[in-house]
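Here are some worked exercises for you to try. Have your viewer open and have a go at each one before reading the solution.

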Amino acid sequence: MVQLTQKAKLVDRRQMSWLERIYLWNILKGMMITLSHLFKRKATINFPEQKRYFAPVFRGLHVLNRDEEGRERCTACGLCAVACPAEAITMEAAERLPGEEKLYREEKYAARYEINMLRCIFCGLCEDACPKDAIYLSQTFAPSNYSRKGFIYKKEDLLIPNPLTDPEDYKKALGDRPAKKINN
Ligand code: SF4
Ligand code: SF4
């Protein structure tokens, strides 16, 4: 028979000796492998107490950003949804009403904003497309869930805490990858 590789080994079919039949040597060999791993560096970490280091370019869960005054930056222009190759973003625009200037930075805002995390490939094109620095991918990741519905992230899930009323959570959500500042 023609062999494609030299990896094939003939099966040893000879009768085992008494010593081989009690598998003592094999058990010892197995235990030695286990023992050798006790002194090696652990491949796992104690999550969530310990966190892995993420490279600065890591793209994780999306954050809908606010400005320094706590106003929502998103103007519901739809550019992120157009840029998204996975068609994961859905939104509905609404007009800002008089008296809502402290809530929304622009005259138009996203009344509904959803990202389907099961579709998302975390490419970051939505962040690149956004002219208002309203969306960016943070260094956290989407936690597991029991249902598909749980992976549809709504505006309330994505919106960053208000830096004026909740500075600590705002900083935490911003992470090590702060969004670029814009002045327009
Ligand atoms: S990261 Fe990429 S795939 Fe995910 S929502 Fe943004 S553009 Fe779409
Ligand atoms: S996140 Fe940015 S690109 Fe997307 S709708 Fe809002 S302002 Fe436009």
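The exercises below go through confidence, the sheet, the two ligand shells, the core, a helix and a few backbone oddities.

**Exercise 1. Find out where confidence is highest and where it is lowest in this predicted model.**

Keep in mind that you're looking at a prediction. Start with the overall score: the protein averages a pLDDT of 90, and 95% of the residues reach at least 70. Then go element by element. Helix H3 (residues 79-83) comes out highest, at 97. Helix H6 (residues 167-174) comes out lowest, with a mean of 86.

**Exercise 2. Work out the strand order of the open sheet and say which strands stand at its edges.**

Step one is the pairing. E2 and strand E3 (residues 108-116) run antiparallel and share seven bridges. E3 also pairs with E5, again antiparallel, through two bridges.

Step two is the order. Put those pairs together and you get three strands, E2-E3-E5, in an open antiparallel sheet.

Step three is the edges. Strand E2 (89-95) and strand E5 (152-153) each have a single partner strand, so one side of each has no neighbour in the sheet.

Step four is the register. Between E2 and E3, Met91 sits opposite Tyr113, and Glu95 sits opposite Lys108. On the E5 side, Ile115 of E3 faces Tyr153. As a reminder of what holds such pairs, strands of a sheet pair through backbone hydrogen bonds, either parallel or antiparallel.

**Exercise 3. Describe the shells around ligand 1 and ligand 2: which residues are closest, and how do the shells divide into nonpolar, polar and charged?**

Take ligand 1 to begin with. It has 14 residues around it, and the closest are Cys84, Cys120, Cys123, Leu125 and Cys126. That shell divides into 13 nonpolar residues, one polar and no charged. When you read that count, remember that Cys is put in the nonpolar class here.

Now ligand 2. It also has 14 residues around it. The closest are Cys74, Cys77, Leu79, Cys80 and Cys130. This shell has 11 nonpolar residues, two polar and one charged.

**Exercise 4. Track down the largest nonpolar core and say which elements feed it.**

The core has 23 residues. Those touching the most other members are Leu64, Cys74, Cys80, Ile89, Ile115, Cys126 and Ile135. Next, sort by element: strand E1 (62-64), E3 and strand E4 (135-137) each give two or more residues. The largest share, four residues, comes from E3.

Link this back to the earlier exercises. Cys74 and Cys80 are core members that are also among the closest residues to ligand 2. Cys126 is a core member too, and it is among the closest to ligand 1. Ile115 is in the core and stands opposite Tyr153 in E5.

**Exercise 5. Compare the span of helix H2 with the expected value, then decide whether H2 is buried or in the open.**

H2 (residues 24-38) has 15 residues. From first C-alpha to last it reaches 21 Å, close to the 21 Å expected at 1.5 Å a residue. For burial, count its buried residues: the number is zero out of 15, so H2 lies largely in the open.

**Exercise 6. Locate the cis peptide bond and two non-glycine residues with positive phi, then give the burial of those two.**

Here's the background: most residues other than glycine have a negative phi, and most peptide bonds are trans.

The cis bond joins Phe47 and Pro48, with omega at about 10°. Pro48 belongs to the loop between H2 and E1.

For phi, look at Ala76, at about 55°, in the loop between E1 and H3. Ala76 has 23 other C-beta atoms within 10 Å, so it is buried. Phe122 also has a phi of about 55°, and lies in the loop between E3 and helix H4 (125-129). With 17 other C-beta atoms within 10 Å, Phe122 is partly exposed.

**Exercise 7. How far apart in space are Ala83 and Ala129, and how far apart are Gly150 and Leu118?**

Ala83 is in helix H3 and is partly exposed, with 16 C-beta neighbours inside 10 Å. Its C-alpha is 6.5 Å from that of Ala129, although 46 residues separate them along the chain.

Gly150 is in the loop between E4 and E5 and is partly exposed, with 14 other C-beta atoms within 10 Å. Gly150 and Leu118 are 32 residues apart in sequence, and their C-alpha atoms are 9.7 Å apart.

Technical notes. Residues are numbered from 1 along each chain as its sequence is written. Chains are lettered from A and ligands numbered from 1 in the order in which they are written. This is a predicted model: local features need pLDDT of at least 70, side-chain atom pairs count only at pLDDT 80 or more; totals for chains, interfaces and linings use all residues. A residue is near a molecule or strand if its C-beta atom, placed from the backbone, lies within 6 Å of it. Two strands pair if DSSP finds at least two bridges between them. pLDDT is the predictor's confidence in each residue, from 0 to 100. The expected span of a helix is 1.5 Å times one less than its number of residues. A residue is buried if 20 or more other C-beta atoms lie within 10 Å of its own, exposed if 12 or fewer, and partly exposed in between; C-beta atoms are placed from the backbone. A nonpolar core is a set of buried Ala, Val, Leu, Ile, Met, Phe, Trp, Tyr and Cys residues joined through C-beta atoms within 7 Å.
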